[in-house]
Amino acid sequence: MSSLYEIVELENGEIALQRVDEGGEPLVCIRFSEESLYFLNDARFEIAKAMIEAGLDAASDIQEQHDQPDISDENDMEHSSTLH
């Protein structure tokens, strides 16, 4: 069973991704600064949509990487990685 999602503007001005069929907490909220809003105007919804889509694509890519068997060298597994 898959859920439907919608991008909405919340009462506090944030743009959120939430499930259509549930009244729970939004999955993602985006808040633009006043300076950003000045430059973006009505384009803020398109920018937020692009940001959410990029995040979902990245999450999907990460999930695919975790689902694939790791065929890297055993020495690589000894090293930890840091994301900055």
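Biologist: In which strand is Tyr5 found?
Modeller: This is a predicted model. Read along the sequence, its pattern is β-β-β-α-α-α. Tyr5 is found in strand S1.

Biologist: Is Tyr5 buried, partly exposed or exposed?
Modeller: The relative accessible area of Tyr5 is 43%. Buried needs under 20% and exposed needs over 50%. The value for Tyr5 lies in between, so Tyr5 counts as partly exposed.

Biologist: Which residues form a nonpolar patch on the surface with Tyr5?
Modeller: The patch has about 260 Å² of accessible area together. Tyr5 brings a relative accessible area of 43%. The residues that join Tyr5 in the patch are Leu27 and Val28.

Biologist: How many bridges join strand S1 to S2?
Modeller: S1 covers residues 5-9, and S2 covers 15-19. The two strands run antiparallel. Ile7 is one of the residues in register here, standing opposite Leu17 in S2. The number of bridges joining S1 to S2 is five.

Biologist: Which residue in the hairpin of S1 and S2 takes a positive phi?
Modeller: The hairpin has five residues between the strands. The positive phi is near 95 degrees. The residue that takes it is Gly13.

Biologist: Is Gln18 buried or exposed?
Modeller: Gln18 is found in strand S2. Leaving out residues up to four places away in sequence, Gln18 touches Leu4, Tyr5, Glu6, Val8, Leu10, Pro26 and Leu27. Its relative accessible area is 18%. The cut-off is under 20%, so Gln18 is buried.

Biologist: Which elements give two or more residues to the largest nonpolar core?
Modeller: That core has six residues: Ile15, Leu17, Ile30, Phe32, Ala48 and Ile52. Ile15 and Leu17 fall within 15-19, while Ala48 and Ile52 fall within 44-67. The elements are strand S2 and helix H2.

Biologist: Which residues does Phe32 touch, not counting residues up to four places away in sequence?
Modeller: Phe32 belongs to the largest nonpolar core. Two of its contacts, Ile15 and Ala48, are also core residues. The full list is Ile15, Leu37, Leu40, Arg44, Ile47, Ala48 and Met51.

Biologist: With which residue does Glu9 form a salt bridge?
Modeller: The closest N and O atoms are 3.5 Å apart. The pair links distant parts of the chain, with Glu9 in strand S1 and its partner in helix H2, 35 residues apart. Glu9 is partly exposed at 41% relative accessible area. Its partner is Arg44.

Biologist: Which residues are linked in a network of salt bridges?
Modeller: The count comes to two salt bridges. Arg44 meets Asp42 at 4.0 Å, N to O, and Arg44 also pairs with Glu9. Arg44 is therefore in both bridges. The network links Glu9, Asp42 and Arg44.

Biologist: Is Asp42 buried or exposed?
Modeller: Its salt-bridge partner Arg44 counts as buried, at 17% relative accessibility. Asp42 has 64%. Exposed starts over 50%, so Asp42 counts as exposed.

Biologist: What share of the 84 residues in the protein do buried residues make up?
Modeller: The protein has three helices and three strands. It exposes about 7400 Å², and carbon and sulfur atoms supply 49% of that area. Gln18 and Arg44 are among the buried residues. The buried share is 13%.

Definitions and conventions
Residues are numbered from 1 along each chain as its sequence is written. This is a predicted model: local features need pLDDT of at least 70, side-chain atom pairs count only at pLDDT 80 or more; totals for chains, interfaces and linings use all residues. Side-chain values use heavy atoms; hydrogens and water are left out. A nonpolar core is a set of buried Ala, Val, Leu, Ile, Met, Phe, Trp, Tyr and Cys residues joined through side-chain atoms within 4.5 Å. Buried means under 20% relative accessible area, exposed over 50%, partly exposed in between (1.4 Å probe, protein chains only). Helices (H or I, at least four residues) and strands (E, at least two) are DSSP runs, numbered from the N terminus. Contact means heavy atoms within 4.5 Å. Two strands pair if DSSP finds at least two bridges between them. Patches are made of residues with over 30% relative accessible area and no salt bridge: like charges are joined within 9 Å, nonpolar side chains (Val, Leu, Ile, Met, Phe, Trp, Tyr) within 5 Å. Accessible areas come from the Shrake-Rupley method with a 1.4 Å probe; for residues, only the protein chains shown count as cover. A salt bridge is a side-chain nitrogen of Lys or Arg within 4 Å of a carboxyl oxygen of Asp or Glu.
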